[in-house]
Amino acid sequence: MCTMAALTKTIQISKSVNNVMKLLTNLTLAPNVNSIASPLYIRRVPTFQFAFIHTTTKRNDLMEFFDDKENWGKDQIKVGRSWRIDELRLKSNEDLHKLWFVLLKERNMLLTMEEAYKDLVEYFPNPERIDKVKNSMYNLETVVRERNQAYHMLETGESGERPSKIVYSQIGLRYVYCMTQHKIPKCINRGWQKRYQFGFRSAAVCKFIRLYREKCWNEKRRARNRQFRAVVGLARVFPNLDWEAVREKYPLADIEKAKRMRKAIGHYIPE
C-alpha cells in the first residue's frame with residue numbers, strides 16, 4: 001500500500017512539473033495571448049502595459065542656448081514668418097502646449113545670441129527673429145485666452161478673466177486697472193492708497209491733459225496729411241491704381257478727395 005501511494009504521489013508531481021514547464025514556454029513565446037493549454041483548466045496569462053517617455057536629446061553643455069554652428073558668422077539666415085491666430089486656432093491644446101515651449105526655447109536662444117554678438121561687437125543677423133517669436137507667443141496666448149473664456153462661459157456663465165475697469169491715473173491718463181484680492185481692505189490699506197490714487201485732478205494736471213490731447217491731435221493730423229499726399233503722388237504717377245489696395249494701405253487718407261485734386265492729374269491722356 002505504501003508503494004502504491006508513493007507511486008501515485010510521484011505521478012501527480014510529474015504532471016504538475018510538466019504543466020509548469022508548458023506554462024513557462026507559452027509565456028516566453030506568446031506573453032500577450034491567452035489560450036487553452038489543456039481541456040481540464042484555463043490558463044490566464046497576466047498582461048502588462050508600459051508607457052514610453054519621449055525626451056529630447058540630452059546635452060551636458062550649454063549649447064542649447066546657442067544657435068547652430070552652421071549659422072555662426074552668416075549675415076543672413078533664412079527664417080519663416082510668425083504664427084498667425086487663424087493657424088493656431090486649428091491646433092489642439094496639447095499641440096499649443098508643445099509649441100509654447102518650442103517658442104520659449106527659441107526666444108531664449110535668440111536673446112543669448114544677441115548678447116553674444118554684442119560682446120563681440122558684431123552684427124546680429126536677422127534681429128527681426130526675436131519680434132517674430134514674441135508675436136507668435138502673443139498670438140498663442142490670445143488663442144488660449146479665447147478657449148478659456150469660452151470654457152468658463154459655458155460652465156459658469158462668466159468669462160473667467162480678472163475683473164477690470166477704466167480709471168484715471170495721478171496725471172489724468174486713462175488705463176485699465178485689473179482688480180486683485182488683498183488681505184487688508186482698501187479703505188485702511190495705506191500701501192494700496194499710496195500706489196493707486198485714482199481721479200487725482202488739479203490745475204497742473206488739467207493743463208497737462210490739455211497739452212497732451214493737443215499733441216495727440218497734431219500727430220494724428222500730420223499722419224493723415226502724410227497719407228493724403230502719398231495717395232495724391234501715387235495717383236499722379238500711376239493712373240490705373242487699385243484703389244481698394246490704396247485704401248487698405250492708407251486708411252486715414254480721403255481717397256475721393258485725392259482723386260479730385262489737380263495735383264493728382266499726371267502727364268497722360270485720360271481714357
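User: What makes Lys257 count as lying over the face of Phe228?

Analyst: Good place to start! This is a predicted model, and in it Lys257 sits 5.7 Å from the ring centre of Phe228. A charge has to be within 6 Å of the ring centre and within 35 degrees of the ring normal, so Lys257 is placed over the face of Phe228.

User: Which core includes Phe228?

Analyst: Phe228 is in a core of 10 residues, together with Val232, Val246 and Ala253 among others. This is the second core, separate from the largest one.

User: Why is Gln227 called buried?

Analyst: Its relative accessible area is 18%. Buried means under 20%, so Gln227 qualifies. Gln227 belongs to helix α6, residues 203–237. Setting aside residues up to four places away in sequence, Gln227 touches Tyr250, Pro251, Leu252 and Ala253.

User: Why are Phe208 and Tyr212 called stacked?

Analyst: Let's take two steps. Their centres are 6.0 Å apart, and rings pair within 6.5 Å, so they are an aromatic pair. The angle between their planes is 20°, and planes under 30 degrees apart count as stacked, so that label follows.

User: How far apart are Phe208 and Tyr212 along helix α6?

Analyst: They are four residues apart, which means about one helical turn separates them.

User: Are Phe208 and Tyr212 buried, exposed or partly exposed?

Analyst: Phe208 has 34% relative accessibility, and Tyr212 has a relative accessible area of 37%. Partly exposed covers the range between 20% and 50%, so Phe208 fits and Tyr212 does too.

User: How many aromatic pairs are there in the whole structure?

Analyst: The search finds four. There is also an aromatic cluster, formed by Tyr177, Trp192 and Tyr196.

User: Which residues have the most contacts inside the largest nonpolar core?

Analyst: They are Leu88, Leu103, Leu110, Phe124 and Leu140, in a core of 14 residues. Helices α3 (93–119) and α4 (128–155) each supply at least two residues, and the largest share, seven residues, comes from α3. Not counting neighbours within four places in sequence, Leu140 is in contact with Leu88, Leu96, Leu99, Trp100 and Leu103.

User: What covers the buried residues of α3?

Analyst: The cover includes α2 (85–88) and α4. The buried residues of α3 include Leu96, Leu99, Met109 and Tyr117.

User: How does the reach of α3 compare with what is expected?

Analyst: With 27 residues, α3 reaches 39 Å from its first C-alpha to its last, close to the 39 Å expected at 1.5 Å a residue. After α3 comes Val121, with a positive phi near 55°.

Conventions:
Residues are numbered from 1 along each chain as its sequence is written. This is a predicted model: local features need pLDDT of at least 70, side-chain atom pairs count only at pLDDT 80 or more; totals for chains, interfaces and linings use all residues. Side-chain values use heavy atoms; hydrogens and water are left out. Buried means under 20% relative accessible area, exposed over 50%, partly exposed in between (1.4 Å probe, protein chains only). Contact means heavy atoms within 4.5 Å. A nonpolar core is a set of buried Ala, Val, Leu, Ile, Met, Phe, Trp, Tyr and Cys residues joined through side-chain atoms within 4.5 Å. The expected span of a helix is 1.5 Å times one less than its number of residues. Rings of Phe, Tyr and Trp (its six-membered ring) pair if their centres lie within 6.5 Å; planes under 30 degrees apart count as stacked, over 60 as edge-to-face and the rest as tilted.
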